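Student: Could we go through the cysteines of this protein together? I'd like to know how each conclusion is reached.

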Amino acid sequence: NNVWISDLDQPPDPAEMGAGVWVGGGSKLYATNLLVEDITAVAGVGVVGGGSVLVVTDSTIRKTKPGKLDLAGAGARANGAGALTLERVLLEKNSGAGVSASLAGNASITDSLVRDTFPYDGYGSGVQAWGGAKLKVSRCLFDNCKGEGASAEGTGTQLHLEATVIRNTKLAPGCCGVGTYCEKKATCTFSGCIIASSFTAGIFANNSQVQIGGSVLKDTKPEPSGDFGYGLFVDDGATVQLLSSRVTGNTSSGITVSGTDAILEVVGSVVSDTKLDPSGDAGFGIVGAEGADVTITDSLFEANHLAGVLGEHADTAVTIDGSLIRATATTDQTPYGLGALATLGATLSVGGSVLTENASGGVACDGDGTTVLLHRTQVLDVPEPPEDAIAFGAGARMGCQLTISESQVGGNGMFECFFHEPGTNVVVERSIIGATSAAEAPTDSLGVGVIAGAHLALTDSIVAGNHGAG
């Protein structure tokens with residue numbers, strides 16, 4: 001109790017790791033009101049080995065610097081099955097990591113602040129878990145850490161964050177400023193968390209299992225190259241659930257899911273207000289690409305750009321059920337603002353949903369091999385287009401396949417449905433097509449336009465209330 005440990009240099013023998021406080025061999029140490037600062041060693045405080053326990057409360061650990069064993073000099077470290085508990089602790093200006101759990105170590109951090117962590121050898125993290133370690137974080141703040149706010153990697157590694165804020169993560173030479181990075185078969189869970197003002201991605205999942213519940217991912221910035229800036233990035237081999245969460249104010253794409261075996265399930269969540277990339281383009285709500293599998297249920301996509309939902313590339317599958325997509329805007333570079341778009345061979349299925357008030361189109365598909373199914377869905381109220389542009393409820397072109405079943409397409413400017421070019425095949429069955437709004441331009445205002453070699457099969461449907469032609 002009430003101990004100050006400072007100005008410790010690395011031991012002369014390189015084999016000696018050194019630390020302000022080090023517990024091992026099955027020992028147990030309880031420390032309170034501890035100040036550990038200016039330590040040049042493997043850690044400010046650390047624990048190693050099964051049965052070894054270190055509990056630190058109401059303390060400060062700061063300015064730890066790396067020693068001679070090529071270890072980062074973390075503020076606190078648990079490895080080799082050692083157990084570390086930190087409660088009401090300030091960890092600041094440490095090297096490589098504020099807290100590191102490794103090699104089956106077990107660490108718990110509660111009601112603590114980790115800030116201003118700086119990188120070692122290009123890499124740094126507010127907290128990190130690897131090598132089968134378990135790290136639990138509750139009611140903490142991670143602020144201004146350079147590299148990554150939190151990270152987890154390796155089979156058996158578990159990172160659990162609850163009621164925690166990660167903000168203002170900064171770029172480092174070897175790290176891209178991600179809020180949290182989960183990779184190499186680690187398991188990460190987030191409950192009631194806020195991840196804000198990161199670079200590259202709020203959460204980046206690669207070949208890992210991630211569950212995000214009741215959390216907010218917001219205001220992510222792109223890298224200096226202008227790339228990325230996503231709230232959530234699901235990469236090859238990752239499986240992610242996004243539950244009852246909000247993704248807002250990010251750049252280029254609120255969520256990107258890319259790669260074979262990249263799987264995302266979105267339930268009861270909001271994706272909104274995605275900003276344009278530095279070139280003035282993109283701004284998607286969600287992108288599924290390169291063979292990804294995306295399922296969206298009971299969710300809202302609002303005030304994004306170019307497309308609320310985009311599926312692209314062969315073997316990509318996007319399924320939307322019971323959701324609302326509205327108010328997608330155009331970009332500085334294109335006149336398009338679509339509720340949902342499938343292209344380049346993707347498959348898009350929309351059921352029991354509403355797409356409304358999108359700037360230029362409700363739903364669109366293009367490209368050979370692209371398939372879209374609308375079932376029991378309403379596509380409504382696309383506004384009248386500006387000069388030299390078109391607006392439509394449902395559009396298909398360039399050889400794609402579109403089926404509209406038991407749905408309503410109505411109140412859209414210029415065309416309710418617009419189908420174009422050879423090889424484009426459209427089936428409309430048991431649906432209502434009507435109430436086009438462009439009364440002042442009757443020659444260009446149609447219920448259904450089939451143009452330049454497209455094919456339409458229209459059965460058991462109502463086409464009514466349109467101007468110019470049904």
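**Cysteines, bonded and free**

Student: Which cysteine sulfur is closest to that of Cys140, and how far away is it?
Tutor: Happy to help, and keep in mind that this is a predicted model. A disulfide needs two cysteine sulfur atoms within 2.5 Å. The sulfur of Cys140 is too far from its closest cysteine sulfur for a bond; that closest one is in Cys193, at 9.9 Å.

Student: Is Cys140 buried or exposed?
Tutor: Buried means under 20% relative accessible area. Cys140 has 5% relative accessibility, so Cys140 counts as buried.

Student: What is the distance from the sulfur of Cys175 to the closest cysteine sulfur?
Tutor: The closest cysteine sulfur belongs to Cys176. That is too far for a bond, because the distance is 6.9 Å.

Student: How many disulfides does the structure hold?
Tutor: Cys182 and Cys188 form one, with their sulfur atoms 2.3 Å apart. Cys365 and Cys400 form another, with sulfur atoms 2.4 Å apart. In sequence order the bonded cysteines pair 1-2, 3-4, and the number of disulfides is two.

Student: Is the disulfide of Cys182 and Cys188 left-handed or right-handed?
Tutor: Both of these cysteines, Cys182 and Cys188, are buried. The torsion about their S-S bond is about -120°, so the disulfide is left-handed.

Student: And what about Cys365 and Cys400: left-handed or right-handed?
Tutor: Both Cys365 and Cys400 are buried. The torsion about their S-S bond is about 55°, so this disulfide is right-handed.

Key: Residues numbered from 1 in each chain as written. Predicted model: local features only at pLDDT ≥ 70, side-chain atom pairs only at ≥ 80, totals over all residues. Heavy atoms only, no water. Buried < 20%, exposed > 50% of the residue type's maximum accessible area, 1.4 Å probe, protein only.
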